[in-house]
Amino acid sequence: GDAKELFTVVKAINEFADKTNRAPKWDKNREEAIDMAKNETKPLVVYFTDEKEKSIAVEKVFGDKAVADYLESCRWVKIKLDLKSDEAKKLAIAKLPELWIVDPRKDDPFAAALKKVPMPTKSAAALKAEFEPVLKDWK
C-alpha cells in the first residue's frame with residue numbers, strides 16, 4: 001500500500017542524505033575524544049583550526065566520498081588553536097588548518113603524531129592517500 005511506498009521513498013531519501021551530507025561526528029573536546037578513541041581502539045583525527053572562514057571551508061573535504069570510510073573508522077575532534085599560543089609552539093604548528101592522526105593509546109598522543117597533514121590537501125583523494133597507510137598499519 002501507500003505506507004509501504006512512502007517508507008521506501010523516505011528510506012531512499014535518508015540513504016541519499018547519508019551519502020551526501022557526510023561529516024565527521026566531532027567529539028566535544030580533546031579529553032573526551034582521546035577517551036572515546038582509546039575505548040574503541042580507533043585512531044583519533046585532530047583538526048586544528050582557527051575557525052576562520054578558510055578553515056571552515058576546508059572542512060568540506062571531510063564530507064567527500066573518498067574519505068567516507070574514515071568518518072566511522074576514526075574518532076574526530078576539532079581543536080581551536082591560536083598560532084601565537086604556547087600550545088601551538090609546543091606542537092610546532094605554524095599554519096592553520098592542520099590535520100593530525102594520533103594514537104590515543106599513547107601516554108601523550110600529541111607528542112608523536114602518526115601523521116601530520118597540512119590542510120587543505122589538493123583533493124579528497126590526496127587526503128585519502130594520507131589516511132590509508134595509517135589505517136592499514138593500525139592494530
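**Figure 1. Thr41 sits in the loop between α2 and β2.** Helices and strands are numbered from the N terminus and taken from DSSP runs (H or I over at least four residues for a helix, E over at least two for a strand). The model is predicted, so local features need pLDDT of at least 70 and side-chain atom pairs count only at pLDDT 80 or more, while totals for chains, interfaces and linings use all residues. Residues are numbered from 1 along each chain as its sequence is written, and side-chain values use heavy atoms, with hydrogens and water left out. Thr41 comes just after α2. Its phi is near 50°, a positive value in a residue other than glycine. With a relative accessible area of 38%, Thr41 is partly exposed (buried is under 20%, exposed is over 50%, and partly exposed is in between, using a 1.4 Å probe and protein chains only).

**Figure 2. Helix α2 covers residues 30–40 and has buried and exposed residues.** Ala33, Ile34 and Ala37 are buried in this helix. They lie on the same side of α2, because they cover an arc of only 95° around the axis (the arc is that of the directions from the helix axis to the C-beta atoms). Glu31 and Asn39, on the other side of α2, are exposed. The buried residues of α2 pack against β1 (26–27), β2 and β3 (75–80), where a contact means heavy atoms within 4.5 Å. At the N-terminal end, α2 is capped by Asn29, which has a side-chain oxygen 3.2 Å from the backbone nitrogen of Glu31. A polar contact is a pair of N or O atoms within 3.5 Å; within protein, one must be able to donate a hydrogen and the other to accept it, and residues adjacent in sequence count only if both atoms are side-chain atoms.

**Figure 3. Leu44 belongs to strand β2, residues 44–49.** Leu44 counts as buried because its relative accessibility is 0%. Leaving aside residues up to four places away in sequence, Leu44 touches Ala33, Ile34 and Ala37, among others. These three are the buried residues of α2 named in Figure 2. Other residues that Leu44 touches include Arg75, Trp76 and Val77, as well as Trp100, Ile101, Val102 and Pro104. Arg105 is 61 residues from Leu44 in sequence, but the two C-alpha atoms are 9.8 Å apart in space.

**Figure 4. The loop between α5 (86–91) and β4 (98–102) contains Pro97 and Ala92.** The peptide bond that leads from Leu96 to Pro97 is cis, with omega near -5°. Ala92 is not a glycine, yet has a positive phi of about 60°. Its relative accessible area is 63%, which means that Ala92 is exposed.

**Figure 5. Pro120 is in the loop between β5 (115–118) and α6 (124–137).** The bond that joins Met119 and Pro120 is a cis peptide bond, and omega is about -5°.

**Figure 6. The whole chain has six helices and five strands, as a setting for the close-ups.** In sequence order their pattern is α-β-α-β-α-α-β-α-β-β-α. The C-alpha trace spans about 65 × 35 × 25 Å along its principal axes. Of the 139 residues in the chain, 37% are buried. Among contacts with a separation of 6 or more, 70% are between residues 24 or more positions apart.
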